[in-house]
Amino acid sequence: TKEIFDLVGIKGGKNSGTYHDTKAVFIVVEVDDPILIRKASQALSLRSDASAIFERNVNRGGTIDALKRTVDLILELAGGEIASELIDLKDEDFTPWKLSLRLDRLEFILGIKIPEKQVLEILERLNLQPQLKGNIVEATVPTYRNDLKIEEDLIEEVARIYGYNNFPKTLPSGQIPLQLVPYFKDYQADQKVKNLISGAGFSEIYSYNLVSENDLSEVGIRSEHVLRVDTPVSREYEYLRPTLKINLQKALFQNRLLSPKVNLFEIGKVYLGKNLNEAREKYHLAGIANNKSFFEIKGLLERLYKDLGIDEDPTEHIELIDEGVYFEMDYSALLAKKASEKIFVPVPKFPPMIEDMAIIAPANISIGELIKTIRAQSTLIADVSVLDKYKDTRTFHVVYQSKERNLKTEEVGEIRKKILKALKDKHAARLKQ
């Protein structure tokens, strides 16, 4: 027949179902190819208890026992009678197989010597019917132990039952590696960053890496510019997130129903590129708050930069949104700039001269560029930071200070002239009158 009965090993259909008026039941116990079941389940985005079992392989020698048990239960609970003989169709016999375990190999892999008698007892308890032949143990593996294929699998079973906690405590031998492995991650730096942000009143969250098309559109991102999963489990988890903003906004909305003041942050991966050829992943640090001002967020990030030994202005990473203040930055790049060691600098003996400078600059000029230009005009400029920004106006807080002497008003005036000239020549920026 060309009619589809059901998706074998995945899900039944209307044709293969049972109903109140069902009188005859045809019982089938099959053994399916786990790879084909897995591929079909993924291609159809259809998961079931059956697919979860069959894709992990089943007891190939247990079909007859399973069928007999099923029939016994039906007769006991529902009544009826057997209408046919048992039919067993198979291309091959599924029988137990042999595995050998060398005792010297066991000792070499585990690093300890387990008595022969104890090894045999462990394998016997696992129903592996061990037979000792010289220095080799021959085991007979039942068909329900599909995970036992090679000698190392038997070694793992012996170690597991013997108990890993019973292994003697020893120090690692060999040379200590001096170079970091390629996938090394500095968790101490992570903890330092997390402690600082948590101390400022933020709570850390962990969110899903997958988002929906609607999630992307809500933050102004087109789905065709984002990496998509070929076989998503649902439409809600279809795209790899290109930003942490999506889930942070969701978390803010959900939590503010319970608490009016919400400050959240996350360190997690984002996935960039439109296709596999362009795909790359990075760690980002992001936070969202409806209980912090722009200046509080700015101060927090400045403190973070200072603790990491980074001499930059973080203001460009802050974004004002409807819910409050939001920030996001490339965390991988941030840690790459982290100073490897700190240098002690004594407190200056001589007082600073401070002034605030409101600069009007084109919108395409970043705050970082303006600060870099200002600082380059004199070694007597000890610090430059942003006080405020409004439309095309950025207000800078400039600190003049010398380590050797007191500064004169005339000196500062000359430096101010250099700053304004450099801003005009390089960025077409001017002092707000």
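## Ground rules

Buried here means under 20% relative accessible area, exposed means over 50%, and partly exposed is anything in between, with a 1.4 Å probe and protein chains only. This is a predicted model, where local features need pLDDT of at least 70, side-chain atom pairs count only at pLDDT 80 or more, and totals for chains, interfaces and linings use all residues. Residues are numbered from 1 along each chain as its sequence is written, and side-chain values use heavy atoms, with hydrogens and water left out.

Helices (H or I, at least four residues) and strands (E, at least two) are DSSP runs, numbered from the N terminus.

## Helix α6 and its surroundings

Let's start with α6, which covers residues 151-162. With 12 residues, α6 reaches 17 Å from its first C-alpha to its last, close to the 16 Å expected at 1.5 Å a residue (the expected span is 1.5 Å times one less than the number of residues). Right behind α6 comes Gly163, with a positive phi near 105°.

Which residues of α6 are buried? They are Glu151, Asp153, Leu154, Ile155, Glu157, Val158 and Ala159, so you'll find acidic names mixed in with the aliphatic ones. Their cover includes β1 (97-102), α4 (103-110), α5 (116-125) and β3 (136-141); contact in this report means heavy atoms within 4.5 Å.

## How α5 meets α6

The α5 and α6 axes sit 10 Å apart, and the helices pack at an angle of about 95°. That makes α5 roughly perpendicular to α6. On the α5 side, the contact is made by Gln118, Val119, Ile122, Leu123 and Arg125, while α6 brings Glu157, Val158, Ile161 and Tyr162. Sorted by class, the contact has six nonpolar, one polar and two charged residues.

A few words on the terms. Axes are lines fitted to C-alpha atoms, for helices over the stretch in contact, and angles run from 0 to 180 degrees between N-to-C directions. Angles under 35 degrees count as roughly parallel, over 145 as roughly antiparallel, 65 to 115 as roughly perpendicular, and the rest as oblique. For the classes, Ala, Val, Leu, Ile, Met, Phe, Trp, Tyr, Cys and Pro are nonpolar, Asp, Glu, Lys and Arg are charged, and the others, Gly among them, are polar.

## Helix α10

For α10, 15 residues at 1.5 Å a residue should span 21 Å, and the end C-alpha atoms are indeed 21 Å apart. Just after α10, Gly309 takes a positive phi of about 75°.

The buried residues of α10 are Phe294, Ile297, Lys298, Leu300, Leu301, Leu304, Tyr305, Asp307 and Leu308. What do the buried residues of α10 pack against? The partners are α7 (187-199), β8 (280-289), β9, β10 (324-330), α11 (331-336) and β12 (381-390).

## Salt bridges

How many salt bridges does the model have? The count comes to 28, taking a salt bridge as a side-chain nitrogen of Lys or Arg within 4 Å of a carboxyl oxygen of Asp or Glu. One of them joins Glu213 and Arg235 at 3.9 Å, N to O. Glu213 lies in α8 (213-218) and Arg235 in the loop between α8 and β6 (239-240), so the pair ties together parts that are 22 residues apart in sequence. Glu213 is partly exposed at 36% relative accessibility, and Arg235 is exposed at 57%.

Asp311 and Arg375 form another bridge, with the closest N and O atoms 3.1 Å apart. Here the pair ties together parts that are 64 residues apart in sequence, because Asp311 is in the loop between α10 (294-308) and β9 (318-321) and Arg375 is in α12 (367-375). Asp311 is exposed at 61%, whereas Arg375 is partly exposed at 26%. Then there's Arg405 with Glu411, at 2.7 Å; Arg405 is partly exposed at 36%, and so is Glu411 at 23%. Arg38, Arg47, Glu55 and Arg56 are joined into one network by salt bridges that share partners.

## Two residues up close

Ile419 lies in α13 (409-427) and is buried, with a relative accessible area of 0%. Leaving out residues up to four places away in sequence, Ile419 touches Met357, Ile374, Gln377, Ile381 and Tyr400. Ile374 is 45 residues from Ile419 in sequence, yet their C-alpha atoms are 5.6 Å apart.

Ala66, in α3 (63-77), is partly exposed at 33%. Ala66 and Val28 are 38 residues apart in sequence, with 9.9 Å between their C-alpha atoms.
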